[in-house]
Amino acid sequence: MLHAKGPLLTIDLTERTTTRTDIDDLLAETIGGRATATHLAHDRIPFDADPFGPENRLYLSTGPLQHSRMSFTGRMNMTALSPLTDGLLSSNAGGYLSRNFTGTGNSVVEFVGESDELLAVHVRDDGVTFEEVPELDGALVPEVSEYAEEHYDLGPDNCVTIGPAGENLVRFASAMTFDSRAFGRGGLGAVLGAKNVKLVTFDGDAEQSVEVPADAAAEVHRAAATADDSMKRQGTAGGTEFINDNFSLPTRYFEEYEFEHAADIGGDAVEEKKYKKAACSQCAFACKLPTRDEASGVETEGPEFETIFSFGSSQGVGDLVEIMKANELCDQYGMDTVSAGVTVAAYLASEDEFGNADLAQELTEQIARREGVGDLLAEGVHRAHDELGVDDMTMKGMEFAAHDGRVLHGLGLQYAVANRGGDHLYAEMMGLTYGGVIDAEGTVDKVETLIEQENYCAFRDSGVVCAFSGQYIDEDAFEALFDADYDELLAVGEGVVARERHFNNRRGFDRGNDELPYDLPEIDAALDAYYDAREWDADGTVPDARFDSPSTAAPADD
Ligand code: SF4
């Protein structure tokens with residue numbers, strides 16, 4: 001089975017020391033990316049760890065395909081204990097970082113401990129250096145990139161950066177790369193903030209040690225280059241009106257299911273503002289959306305569909321330029337646009353201020369700086385909803401994505417059991433529903449599909465392959481790329497889901513944490529069937545015996 005190569009580099013931020021560990025056996029078993037990081041995190045982060053404590057560990061990892069020039073592979077994985085969900089969580093970002101990361105020769109970089117001074121950490125193929133950077137205290141993400149260019153002659157594609165939100169431990173702070181690409185969901189930027197790491201740079205010329213089957217990779221690349229797909233023009237924004245008209249676009253903090261201004265903020269409107277093509281590293285699909293509004297001067301990348309929802313319909317804002325401004329603020333301050341937008345929407349609901357875009361942007365900055373009511377909102381909807389007097393529209397503490405589980409029941413079930421909570425990319429149930437492959441209604445009949453989808457996504461995140469590759473890499477192509485049976489690849493994904501779940505179980509999560517804030521038909525029977533098919537216990541826990549001897553525990557003095 002094709003897998004990533006290179007050692008695990010452990011960076012102890014307290015001691016400012018590093019160690020390299022041979023993890024070839026683990027990589028051969030887990031491919032790379034999310035699976036390898038999840039295995040290490042499960043075995044090395046104490047089950048009772050504080051997400052903001054030095055004992056939490058944060059992992060950056062690539063898969064084998066980052067050693068290729070194939071489309072859909074400009075991606076990186078990040079894993080840690082999440083301050084938003086309080087569970088183990090992996091997030092995935094595009095851009096150009098993955099190639100610079102593989103240039104350092106490592107397959108996984110692990111951060112442990114915490115620095116007493118704000119740090120930049122430089123990872124190169126010939127070693128690691130630490131540099132105190134008090135002058136970057138409170139700097140916006142683009143300011144950090146400018147600093148990196150000026151001081152180290154490195155671009156934003158070499159950098160992982162946090163903004164003020166990460167430094168201020170906003171529970172949905174993102175870690176940014178390439179200024180506009182985010183390890184968005186789950187607050188992993190705040191984990192770096194707690195460790196006092198403002199900037200990590202990756203740079204080197206290590207030999208690319210993985211040989212990806214050239215014919216299979218070329219086939220995928222050709223398909224990406226020649227595809228006639230609206231995503232290439234409009235990105236995910238292109239689905240806005242179709243989803244609004246045929247399913248649901250949650251509106252005014254989930255009070256309504258349809259937004260009257262969907263056309264004003266949807267794919268055509270975004271395409272009008274798009275001023276050039278953009279992609280992640282090596283990707284011929286090029287679905288990114290650099291946009292500019294000449295009248296106001298606002299320039300950003302996006303908004304993607306999720307932000308059109310979170311800062312648009314969810315807040316009752318039907319002006320695309322206002323959504324672009326909010327999108328740019330989130331990128332600059334380093335915050336997940338979904339959680340930030342939905343949390344602001346919850347506040348607007350509590351104050352009867354839907355449609356007030358100026359207030360929404362003011363609140364966005366207040367959250368990042370934890371000023372005024374922003375300090376409460378920085379905790380996210382789950383922790384703030386009582387004080388705001390609104391419903392808790394989250395799953396495992398994570399604000400729901402745009403796709404509506406109340407209407408797409410298969411997705412609702414996905415949200416319920418997902419170890420990551422209310423995130424749409426944990427499986428692909430929404431895409432199957434929009435595409436007519438499965439019905440919108442019903443839960444029990446979708447359990448088998450959901451399990452296969454969860455395993456597929458976890459394997460795909462280990463590859464590491466972009467979520468938008470679905471139509472262009474089929475089972476045969478995966479088998480050819482990874483030199484393995486598809487079932488073998490799905491088994492890697494199954495291991496990821498089970499390990500995440502087991503870790504969370506040991507933190508106290510069980511069936512009670514799989515309860516949605518709304519009803520779905522036969523949801524209890526669906527949960528029973530899901531746990532049974534996964535061979536978990538009826539209370540939603542993974543039997544301890546499966547993971548009772550950690551194979552990759554940290555050395556005792558680590
Ligand atoms: S499909 Fe889009 S998001 Fe995915 S790697 Fe290519 S450019 Fe990046």
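## A buried aspartate in a loop

Asp423 sits in the loop that runs between helix H18 (409–417) and helix H19 (429–434). This is a predicted model, so take what follows as a reading of that prediction. With a relative accessibility of 4%, Asp423 counts as buried, because the cut-off for buried is under 20%.

What does the side chain of Asp423 make a polar contact with? The partner is the side chain of Arg420, at 2.8 Å. Once residues up to four places away in sequence are set aside, Asp423 also touches Arg185, Met398, Gln414 and Tyr415.

## Phe285 and its surroundings

Another loop residue to look at is Phe285, found between helix H11 (267–273) and strand S13 (290–292). Is Phe285 buried or exposed? Its relative accessibility is 2%, so Phe285 counts as buried.

Leaving out neighbours within four places in sequence, the contacts of Phe285 are Ser71, Phe72, Ala224, Ala227, Asp229, Met231, Lys232 and Tyr472. For a sense of distance, Glu304 is 19 residues from Phe285 in sequence, and their C-alpha atoms are 16 Å apart in space.

## The largest cavity

Phe285 also turns up in the lining of the largest cavity. The structure has four cavities of 30 Å³ or more, and the largest of them holds about 90 Å³ of space.

Which residues line the largest cavity? From the earlier part of the chain come Phe72 and Arg75. Then there are Ala279, Cys280, Cys283, Phe285, Ala286, Cys287 and Lys288, with Cys466 and Phe468 completing the lining. By class, that makes nine nonpolar residues, two charged and no polar ones. Phe72 has a double role here: it lines this cavity and is in contact with Phe285.

## The second largest pocket

Now for the second largest pocket, which has a volume of about 390 Å³. Its lining is made up of 18 residues, and those nearest the centre are Phe178, Asp179, Ser180, Thr300 and Glu301.

Which elements each supply at least two residues of this pocket's lining? They are strand S14 (299–301) and helix H13 (320–333). Sorted by class, the lining of the second largest pocket has eight nonpolar, seven charged and three polar residues.

## A hairpin

Last stop: strands S7 (residues 119–124) and S8 (residues 127–132) run antiparallel and are joined by six bridges. One pairing to pick out is Val121, whose bridge partner in S8 is Phe130. The hairpin connecting S7 to S8 passes through two residues.

How values were computed: Residues numbered from 1 in each chain as written. Predicted model: local features only at pLDDT ≥ 70, side-chain atom pairs only at ≥ 80, totals over all residues. Heavy atoms only, no water. 1 Å grid on protein atoms, 1.4 Å probe; cavity = no way out; pocket = protein on both sides within 12 Å on 5 of 7 lines; lining within 4 Å. Points joined across faces, edges and corners; volume = space filled by probe spheres on them. Nonpolar A, V, L, I, M, F, W, Y, C, P; charged D, E, K, R; others polar. Helix = DSSP H or I, 4+ residues; strand = E, 2+ residues; numbered from the N terminus. Buried < 20%, exposed > 50% of the residue type's maximum accessible area, 1.4 Å probe, protein only. Polar contact = N/O pair within 3.5 Å; in protein donor to acceptor, adjacent residues only side chain to side chain. Contact = heavy atoms within 4.5 Å. Pairing = 2+ DSSP bridges.
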